[in-house]
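Colleague: I would like a close look at one part of this model before I plan around its cysteines. Please keep the answer plain.

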Amino acid sequence: MILTQEEEAMLRGDEGEAAKLAMEILVKVGEKFGAKRLVPVASAHIVLAMYKSIFDAGVEVCEKFAAMGARFRVPTTLDPSGMDTQKWREFKTPDAYAEKQLRVAKAYEQMGAIMSWTCLPHFTGSAPRFGEHVGWTESSAVAFINSVLGARSNRETAVLDVCIGITGRTPEYGLHLQENRYGKALVKMEIGGRMLQTWEYPVLGYFLGKTLGSEIGVVEGLVGSPKMDELKSMLAAAAATGPLAMVHLVGITPEARTRAEAFGPNHLERTVTVTEETLKTTRAEMCTVKSAKIDLVALGCPHYSIAEIQNVVKLLAGRKVAANTELWIYTTKQVRDLADRMGIMAELLGLGGKIATETCMLISPVETWGFKTLMTDSGKCSYYAPVQCKTDVIFGSAAECVEAAVNGRVVAPQQAKSRLPGDPEGGRA
Amino acid sequence: MKTFKGKGVTDGKNAGPALVTGQMFGFWGGVDPATGIIIDQRHELYGQSIKGKVFVFPEGRGSTVGAAIILELARCGNAPAAIINHHTEGILAAGGILADKFYNTKLPIIDGLEIDPITEIKTGDWVEVDATAGFITVGK
């Protein structure tokens with residue numbers, strides 16, 4: 001690999017032991033992927049953040065870098081914490097667990113991280129621009145910034161993300177190179193030209209992830225104008241069921257104004273069709289049981305936006321959450337503060353709901369509650385919950401989730417009629 | 001005993017009994033690092049251990065925290081002996097390199113073999129992976 005003078009200096013140790021170790025790791029990874037050089041990145045995002053997923057090895061590695069005097073060279077954000085950063089005791093976080101999470105936080109503070117604790121740094125002030133090279137982890141974020149914003153990031157991984165933040169560099173291969181960003185597989189929407197309803201976006205994502213593998217797909221025939229929150233949910237599901245880092249959504253992805261632009265010089269290798277049956281079968285796969293008493297309704301994977309929280313409060317319509325059911329919404333500190341200022345939080349609390357901040361159901365110790373069945377509107381959560389929360393899972397729309405929270409079990413939503421195909425507001429619930 | 005060429009993704013040489021699946025595999029939510037047992041109930045290998053195995057699967061999937069799980073597997077002594085893929089993505093490659101760097105654990109990974117490892121290797125076959133030299137040897 002050809003290194004610049006500055007990079008050579010880091011590799012020699014001129015910039016300290018931490019930069020030397022980080023550079024050694026990046027060069028080794030780069031060589032394995034045939035990278036000719038490193039590319040400077042505008043930012044890094046770190047998934048080596050939540051104790052539940054990084055275990056003791058992760059804590060040891062963070063502390064090792066901090067002890068070596070590591071400092072981040074580019075703006076470096078953190079994925080969610082392994083517990084509510086304020087009310088971790090209220091959420092039954094074991095002390096020994098909390099102590100490990102606090103050690104991770106301390107190490108990153110020393111290294112100068114942006115203490116963002118969210119899977120959505122791109123929604124909270126750290127968005128990359130079109131064409132910008134970044135070194136991010138968090139599968140859902142990487143899929144979003146490549147596919148919707150047109151920024152350039154590979155699916156970096158834990159520890160490598162820390163090395164990228166320290167050096168401000170990442171190996172130049174994969175999605176950093178234009179020739180690797182074109183589509184190979186065509187995904188044709190054959191659902192009678194109707195718009196997808198909000199809850200169908202994560203269903204489509206779930207299907208795309210497991211069907212496309214690492215092949216870049218080109219989705220043609222999405223009708224209407226999907227909201228950012230819908231795309232967020234769809235791409236999070238896609239990046240959970242597969243290694244999807246980028247998908248072209250014709251008319252939405254900046255590099256896919258047309259189907260021809262999305263394919264570029266590539267030949268079409270295969271065609272996948274999405275029919276009503278595909279969506280129905282996939283939705284069924286996203287549930288481990290059909291109906292049950294619901295112990296926890298968990299929303300906010302990825303973190304809920306203020307509009308999504310407003311929608312839940314509207315759907316509750318003053319009704320209380322059932323006695324033996326919990327309704328938890330996971331979000332960022334910024335959104336929580338907004339909800340507080342707007343009085344939505346007080347209203348939600350008054351109805352028996354909770355807002356959990358800077359963590360989520362998958363990476364906090366939800367299993368300490370002993371819930372049996374969880375319901376969610378998240379495709380990503382529906383995939384991971386059985387293992388991470390040790391529960392059965394039922395996937396449904398936000399409206400269905402709210403009905404389940406109020407009734408303590410799965411029931412048809414009152415809004416069922418507004419979810420008919422073709423209704424422009426259908427399923428915006 | 002047959003030898004097949006491939007592309008070494010990490011360095012090292014190791015052998016063990018094969019554990020083969022045609023399904024993609026993600027380490028986070030896929031395996032319990034404290035035991036090496038596959039905990040993803042949606043995976044066909046649910047309940048089996050990858051510890052000391054030559055783990056054969058087409059490609060990685062899911063969470064980018066994957067390398068941290070490989071590190072914890074290495075820290076606990078439960079890492080697979082080696083990994084064979086159709087195509088190894090960055091998460092797994094970095095996991096192998098980091099396990100060596102932080103926990104002195106060699107995790108040879110090889111991909112791009114001249115045969116289809118999913119159909120040509122059977123679970124239980126004794127497989128030696130030399131990722132440094134870029135070949136595997138399959139015995140029965």
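Which cysteine sulfur is closest to the sulfur of Cys163(A), and why is there no bond?

Modeller: This is a predicted model, in which local features need pLDDT of at least 70 and side-chain atom pairs pLDDT 80 or more, while totals for chains, interfaces and linings use all residues. Residues are numbered from 1 along each chain as written, chains are lettered from A and ligands numbered from 1 in the order written, and side-chain values use heavy atoms, without hydrogens and water.

The closest cysteine sulfur is that of Cys62(A), and at 11 Å from the sulfur of Cys163(A) it is too far for a bond. A disulfide is a pair of cysteine sulfur atoms within 2.5 Å, and over all chains the structure holds 0 of them. Cys389(A) is likewise in no disulfide, with the sulfur of Cys381(A) the nearest, 5.5 Å away. Cys163(A) has a relative accessible area of 0% and is buried (under 20% relative accessible area, 1.4 Å probe, protein chains only). Cys389(A), at 2%, is buried too.

The disulfide count of 0 takes in chain B. In chain B, 64% of the 140 residues count as buried. Its secondary structure has 3 helices and 10 strands (DSSP runs: H or I of at least four residues, E of at least two). Residues 24 or more positions apart make up 75% of the chain B contacts with a separation of 6 or more, where contact means heavy atoms within 4.5 Å. The C-alpha atoms of chain B fill a box of roughly 35 × 30 × 20 Å along the principal axes.

Note on methods:
Buried < 20%, exposed > 50% of the residue type's maximum accessible area, 1.4 Å probe, protein only.
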